[in-house]
Amino acid sequence: ISRPFSVVVAIDFGTTSSGYAFSFTQDPEAIHMMRRWEGGDPGVANQKTPTSLLLTPDKKFHSFGFMARDSYHDLDPEEARDWLYFEKFKMKIHSTTDLTMETELMAVNGSHVKAIEVFAHALRFFKEHALKELKDQSSSVLEKDEIRWVITVPAIWKPPAKQFMREAAYLATLVSPENPEQLLIALEPEAASIYCRKLRLHQVIDLSSRLILNGFDQETSSPLDSGFRQAREQLRRARHSRTFLVESGTGELWSEMQEGDRYIVADCGGGTVDLTVHQIEQVQGTLKELYKASGGPYGAVGVDLAFEEMLCKIFGKDFIDNFKAKRPAAWVDLMIAFEARKRTAAPGRANAINISLPFSFIDFYKTHCGQSVETALRKSNVNFVKWSSQGMLRMTSEAMNELFQPTISKIVQHIAELMKKPEVSGVRFLFLVGGFAESPMLQSAIQSTFSRTCRIIIPQDVGLTILKGAVLFGLDPTIVRVRRCPLTYGVGVLNKFVEGKHPREKLLVKDGRDWCTDILDRFVTVDQSVALGEVVQRSYTPARSGQRKIIINIYCSPTDDVVYITDPCVRKCGNITLDLPEAKEGSLPRKGRREIRASMQFGDTEIKVTAVDVLTSKSVRASIDFLSN
């Protein structure tokens, strides 16, 4: 670490909920969780806040989190149509293929705002909250550059999305672009893995040690309730304090593991499921990634979308779209009501679940469709959903199962496919983390599929695992020593043309010599192991004297069997810019050719580049950009 930071603040920016935690570098064993949020659920400490943002009709910041949710709910329905409410917006960054600084997000009312501004509003909110709390906790005044910030992102995010988060942090003035090392981008499952190293046995629930008959044990109503009740009780006692103590070395669970043991961390969040495979290097206790990060958009949001599809089946897609547009706040209320019931869903649950429909939904349906909600339900051929006399949607456990099934089966299938890979064989542990990992539905499915192959471990405070791990990562970013490249990266170069080997259309004759164009010069290949600090070096020469900039296009490919940058699966993904200071008279070599040596690092959570003017040994300003593509 180039400059001593006195505190690390980590922001876990989730799809459905977010939070922050911090630790003073003088006392790294204590991780302090965020304060209680205004408007948070009573009786719950250490709660993350919903990732919801409310902007006024003239697009100024109004509120974030619980406050945004409540303020939006309290607006008059006519007024609410002019306010901009954003939720679950992180998924847009994952799904946009050509992400730029100009990419826009759509608010619930249909208005558009630049995505970078929405993310900056959210980060600025966390920054202000965290700084206020640090000021109250710290005896001395903290300078801005004494804080190291950490922001979490899914490991499966590509470089443009990671850079986007960094740019949003610059816009939110967390750190300045002049001090990039003051901000670390942490990969979510990696952070969870780092925290799992510290676990003590009483801090985990071991699913594999439970005997389950037909999906639920006979003693209790559901397989995991009893274990979870105990865990919640322990947590409740621990939660009078907002400070969590972690082991200074590694935890007891870890001492059961030997050097070379492999384990999977499955981070099941709101938006994405992210899988990382790590191996322990015992002496230093560092971690080594064994297979490139994998996963996909199979988070808990999938269950919400299935619920929305079910409503469209019952009431008609046109009506639902119309209701969302005309009564956006009531739609948000309906989804919050569903969210609360979704959390109670468990396999083997016999009784039905009631979801109250907002009065405006019932009224709006009658006005627009000329019949009652009850009639629509009777006429629809959606199984297992009825209308209850108290004016609620009554869903049987089968109906709830159907909503969960598509998402859960994708997760199970993905883990199963990962376990078949030779690099992953012999996995001893599967750590289940992230908010969705709290769901008994998901736990039960994972348990019944994998408990014979490996031990399934869930940290008790599973929703906060990533947040705590991100703090630990900020305290020591060298903990993950070896990573795997998610893609093949390289640049296009000219090589000597070889008759019979190179196609004629690639022939370029220059100064009487035959060259083959568009050859991909690989920096790294997909799934290659790269150690932290390992560099790939290439030298570049300006094409003409007096040139002030060299711009090099970077290409990437998901496979390794590519030869040319024009091959079907290769695409331009970014560029490296080298700024050349003016060369002083007489400082150029006799041939007049200047040489700039660029060094690229692929072993970190972000791709980095530095460069040096070989003749003067002076560093040259170098930057790598994946967003202006």
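Let me start with one residue, L207, which sits in the loop between β12 and α7 (225-238). This is a predicted model, so please keep that in mind throughout. Is L207 buried or exposed? L207 counts as buried because its relative accessible area is 0%, and the cut-off for buried is under 20%. Which residue can we pair with L207 across the chain? Take Q443: it lies 236 residues away along the chain, yet the two C-alpha atoms are separated by 8.1 Å.

Now to the sheet. Strand β12, which comes before that loop, belongs to an open sheet of eight strands with mixed pairing. The order is β12-β21-β20-β14-β15-β16-β22-β26. At the edges are β12 (204-206) and β26 (529-531), each of which pairs on one side only. On average, neighbouring strands here are turned by 25° against each other, direction ignored.

Within the sheet, look at β15 (residues 273-281) and β16 (residues 286-296). These two strands run antiparallel and are joined by eight bridges. As one position to find on screen, D274 stands opposite G295 in β16.

What packs on this sheet? Helix α6 (residues 188-196) does, and it touches β14 (262-268), β15, β16, β20 (427-433), β21 (455-459) and β22 (480-484). The direction of α6 makes about 125° with that of β14.

Last, helix α1 (residues 66-74). Which of its residues are buried? They are F66, A68, S71 and Y72. The buried residues of α1 pack against several elements, among them β4 (49-50), β5 (52-55), α2 (77-80) and α11 (328-344).

Technical notes:
Residues numbered from 1 in each chain as written. Predicted model: local features only at pLDDT ≥ 70, side-chain atom pairs only at ≥ 80, totals over all residues. Heavy atoms only, no water. Pairing = 2+ DSSP bridges. Helix = DSSP H or I, 4+ residues; strand = E, 2+ residues; numbered from the N terminus. Axes fitted to C-alpha atoms, helices over the stretch in contact; angles between N-to-C directions. Contact = heavy atoms within 4.5 Å. Buried < 20%, exposed > 50% of the residue type's maximum accessible area, 1.4 Å probe, protein only.
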